[in-house]
Protein chains: 2
Amino acid sequence: MISKNQLKFLRSLHQKKGRLEQQAFLVEGEKSVVELLHADWKVISLYASDAFIARYTPLLQQGDYPVYPASAAALTQASTLSNNHTALAVVASPRPAALQTSGWTLALDQINDPGNLGTLLRIADWYGFRQLVCSPGSAELTNPKVISASKGSFLRIPLHVCPLEDFFSQLDPQVPVLGAFLEGDSIHQLTADQLGDSGVLLLGNEAQGIRPELQAQVNCRVTIPSFGQAESLNVGVAGAILCDNIQRLRARTSTR
Amino acid sequence: MISKNQLKFLRSLHQKKGRLEQQAFLVEGEKSVVELLHADWKVISLYASDAFIARYTPLLQQGDYPVYPASAAALTQASTLSNNHTALAVVASPRPAALQTSGWTLALDQINDPGNLGTLLRIADWYGFRQLVCSPGSAELTNPKVISASKGSFLRIPLHVCPLEDFFSQLDPQVPVLGAFLEGDSIHQLTADQLGDSGVLLLGNEAQGIRPELQAQVNCRVTIPSFGQAESLNVGVAGAILCDNIQRLRARTSTR
């Protein structure tokens, strides 16, 4: 059972204000919760169906958090998902990880949609990027829609929020900074010698693109060539295509 | 103003049953409606804000459909979008276009999520694919979420619903049929001579993949190589990456 006070607490975490006050956030649904419980994160409490508790007993016994059995109806009521028949975890908000200036970074200028941010975390994870760096005012990592769309990748890819100008000022000026523009060079013409062990892929807001004040930081403007008539691609889709081209070229060099 | 009867009619089009009975569907929001009005589709009626009507007077004067001025509140009430301050069109459901057996086809086996289907229409349009062919039981084209996610691409890319076995039986056996599998050959190792002027890219349901009974139709099993730890990619994202690789290689051949 979920008590009235527990429900009130869980529902307060649907909102940014509650997450900031409590320094905690929700992870929802069987797949994400199981990935969480296998990772080294601070779980505060777990609410789960009897079936979930039975299925994962050994895993739950390793934890030091309270486990509250709950019905599907109660879990759904406490959840942001339209249906949650399995589990819901309350997790302590992570401390910021150290910002890295080597390896590959996905930098996001004003991506406000939490679904897009979660999708981009998943893509960064698939393509082995080291971190995400987001401008202030982006969707926050602990938004339930970010967590849900990331499909567990929030556990692996550190997300930093800082002014992108500050991040760029710490980079070696030799590092390639690829920026996605509507009028850049075709990403299909990029060559492996333009890339390296470290680099940045910068994506801008879908409506406005990369802010003019950041454009001077970009030393390689790239575009996804179109073969048809659609006007644009979703920023998550565009990010995936650019990451795929970058890693395809880098892999080619490293196997030579 | 939107009358009670009009509102009832518009809201009936939120549901599949209503769309089938009325043989009509909704196009919502300024951008999609304006693209629609520029295209050669049968518009039944248009509901729009005074500002929209003022902005597009010449365009509206070319049409033979009634235009009903409506407040933002009334438009939002009639719409499936969480906010609609601009316009809402009722459109006659399109007749099925002729199924093509040449050019490139994106074939979808059991893609149920309307957002994914709309995204894939947009991607097929960006990459110049000729048509989409979906197995029965997929999300339908006239679902408002498909229309909205396609960002106008529903106007350009014909979508056919038919058993994929029937579609494949009509194809020349020489035509490459690429199927997305978790354990295929890396799409980065694909070469231009494996492609041609006609071909099929087949994507399966995100959870189940391509059904076993269709797998014999695939003559080239492809996989998106992973460079990190995410377990999978969203089917829309995966489709975009595969289309990008196909068209990159085909463009290289044609410019030689």
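Here are some notes on how the two chains of this predicted model fit together, and on how the parts within chain A meet.

1. Start with the overall arrangement. If you take chain A and turn it by 180°, with a shift of 0.0 Å along the axis, it can be laid on chain B with an RMSD of 0.0 Å. The two copies are thus related as by a two-fold rotation axis.

2. Now look at where the copies touch. Chain A puts 31 residues into the contact, and chain B puts in 31 residues as well. Of the interface residues of chain A, 100% are also interface residues in chain B, so the copies meet through the same surface.

3. How much area do chain A and chain B bury between them? The figure is about 2900 Å², with 60% of it on carbon and sulfur atoms. On the chain A side, the residues that lose the most area to chain B are R122(A), W126(A) and F227(A), which together make up 27% of what that side buries. Try finding those three in the viewer before you go on.

4. Next come the polar links between the chains. The interface of chain A and chain B has two salt bridges. One to look up is K31(A) with E231(B), where the closest N and O atoms are 2.6 Å apart. Across that interface there are also 18 residue pairs in polar contact, both residues being at pLDDT 80 or more.

5. Which helices of chain A should you colour to see this surface? Both α7 (114-126) and α11 (235-254) of chain A supply at least two residues each to the side that touches chain B. The most comes from α11(A), with eight residues. By residue type, the side of chain A that touches chain B splits into twelve nonpolar, eleven polar and eight charged.

6. Let's move inside chain A. Its domain assignment gives domain 1 (4-92) and domain 2 (104-254). Their contact takes 14 residues from domain 1 of chain A and eleven residues from domain 2 of chain A. Taken over C-alpha atoms, the centres of the two domains of chain A are separated by 31 Å.

7. The two domains of chain A bury about 1000 Å² between them, and 63% of that is on carbon and sulfur atoms. In domain 1 of chain A, the residues losing the most area to domain 2 are R19(A), E35(A) and W41(A), together 44% of what that side buries.

8. Keep R19(A) on screen, as its side chain also meets that of E140(A) in a salt bridge (2.8 Å, N to O). The rule finds two salt bridges across the interface of domain 1 and domain 2 of chain A. The count of residue pairs in polar contact between these domains is three, with both residues at pLDDT 80 or more.

9. On the domain 1 side of that contact in chain A, the elements giving two or more residues are α2 (16-22), β1 (24-28) and α3 (30-38). The largest share, four residues, comes from β1(A). This side of domain 1 of chain A divides into eight nonpolar, two polar and four charged residues.

10. One last pair is worth a look. Over all chains, a search of the whole structure finds 17 salt bridges. Among the pairs is D125(A) with R156(A), whose side chains meet in a salt bridge at 2.7 Å, N to O. D125(A) lies in helix α7 of chain A, while R156(A) lies in the loop between α8 (144-150) and β7 (159-161) of chain A, so the pair ties together parts that are 31 residues apart in sequence.

Notes: Residues numbered from 1 in each chain as written. Chains lettered and ligands numbered in written order. Predicted model: local features only at pLDDT ≥ 70, side-chain atom pairs only at ≥ 80, totals over all residues. Heavy atoms only, no water. Least-squares fit on C-alpha atoms with pLDDT ≥ 70 in both. Contact = heavy atoms within 4.5 Å. Domains from an automatic or database assignment. Buried area = accessible area lost by both parts, 1.4 Å probe. Salt bridge = Lys/Arg side-chain N within 4 Å of Asp/Glu carboxyl O. Polar contact = N/O pair within 3.5 Å; in protein donor to acceptor, adjacent residues only side chain to side chain. Nonpolar A, V, L, I, M, F, W, Y, C, P; charged D, E, K, R; others polar.
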